[in-house]
Amino acid sequence: MQRIVLFLLTNLAIMVVLSITMSILMSVFGIDRQGMGGLLVMASVFGFGGAFISLLMSKWMAKRSVGAYVIEQPKNNTEKWLLETVKRYAQQAKIGMPEVAIFDSPDMNAFATGANKNNALVAVSTGLLQHMTQEEAEAVIGHEISHVANGDMVTLTLVQGVVNTFVIFLARVIAGLIDNATRSNNSNGAGLGGFAYFGIVFVLEMLLGVLASTIVAWFSRKREFRADIGGAKLAGTSAMIGALERLKRSQESHLEGSMMAFGINTKSSFSQLFATHPPLEDRINALKSI
């Protein structure tokens with residue numbers, strides 16, 4: 001419930017800020033709100049604005065959503081090793097020292113986020129620390145550091161901003177064309193009306209958003225291959241392959257027998273269009289081929 005409330009309040013605050021920003025831009029530049037220029041400005045403000053505000057808040061949101069504990073002073077050898085590993089890889093990748101955190105989860109997982117290369121967060125799960133060897137865990141950390149060094153967070157935000165803008169813009173353009181066609185077909189010149197117009201906009205945004213998400217997912221899959229290569233350079237190719245193989249074994253062991261048929265089939269060509277990560281087998285083969 002706390003996460004849901006935090007999510008709703010954050011999005012409400014973002015909407016208020018973007019609405020004020022749009023009004024200021026319209027007034028300063030004298031843009032007609034009803035014209036195509038006004039529509040494009042509105043779409044850009046909400047498309048890029050929401051993406052970049054989310055990026056700026058990403059560290060704060062991530063730490064609270066997973067309950068991450070940020071290591072200020074290491075309390076044991078594991079935390080000391082984790083800090084030293086992140087520091088060493090950050091220096092090799094020529095980025096600022098990220099914040100380092102641990103979050104409680106039985107799954108072997110890790111993530112990196114942050115607004116720029118010198119103000120990032122690298123977090124690992126307790127499951128990863130417990131079930132991976134030190135070399136494999138270092139490879140995963142190298143993978144996350146590579147995401148930061150490659151600027152993947154900012155680039156993905158730009159891609160998301162462009163996609164959002166086109167979805168918002170095209171949905172309203174198409175709804176406007178439908179409204180004009182309705183007016184011309186009615187003898188009294190009546191259009192769709194407020195509720196019908198916004199209902200069509202909502203449906204179009206949903207449909208276009210689904211199509212646009214495949215573009216974002218495609219880029220996300222490409223950056224995973226690059227981050228794997230970066231992790232291999234920092235920790236060693238064998239360690240990176242070992243980490244991915246352990247993740248693969250872990251994933252396969254979650255479901256057994258008839259339950260496996262009801263899991264998400266990552267080999268499905270349709271589901272792969274929306275997957276943010278390539279199949280682990282493809283990532284392993286890519287590293288082996290280098």
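Me: Which residue in strand 4 does Ala 110 stand opposite?

Reply: The model is predicted, with local features needing pLDDT of at least 70 and side-chain atom pairs counting only at pLDDT 80 or more, whereas totals for chains, interfaces and linings use all residues. Residues are numbered from 1 along each chain as its sequence is written, and side-chain values use heavy atoms, leaving out hydrogens and water. Strand 3 (residues 110-114) and strand 4 (strands being DSSP E runs of at least two residues, and helices H or I runs of at least four, numbered from the N terminus) run antiparallel, joined by five bridges (pairing needs at least two DSSP bridges). A hairpin of five residues links these strands, and the residue opposite Ala 110 is Val 124.

Me: What is the bridge partner of Ala 101 in strand 4?

Reply: Strand 2 (residues 99-103) pairs with strand 4 in the parallel sense, over five bridges. Within strand 4, the partner of Ala 101 is Ala 123.

Me: Are the residues of strand 4 that point either way buried or exposed?

Reply: Ala 120, Val 122 and Val 124 point one way, while Leu 121, Ala 123 and Ser 125 point the other. By relative accessible area (buried under 20%, exposed over 50%, partly exposed in between, with a 1.4 Å probe and protein chains only), all of them are buried.

Me: How many residues of the contact of helix 4 with helix 6 are nonpolar?

Reply: Trp 81 and Tyr 89 are among the helix 4 residues that meet helix 6, whose residues there include Ile 141 and Gly 142 (contact means heavy atoms within 4.5 Å). With Ala, Val, Leu, Ile, Met, Phe, Trp, Tyr, Cys and Pro counted as nonpolar, Asp, Glu, Lys and Arg as charged, and the others, Gly among them, as polar, the contact has two charged, three polar and, as nonpolar residues, ten.
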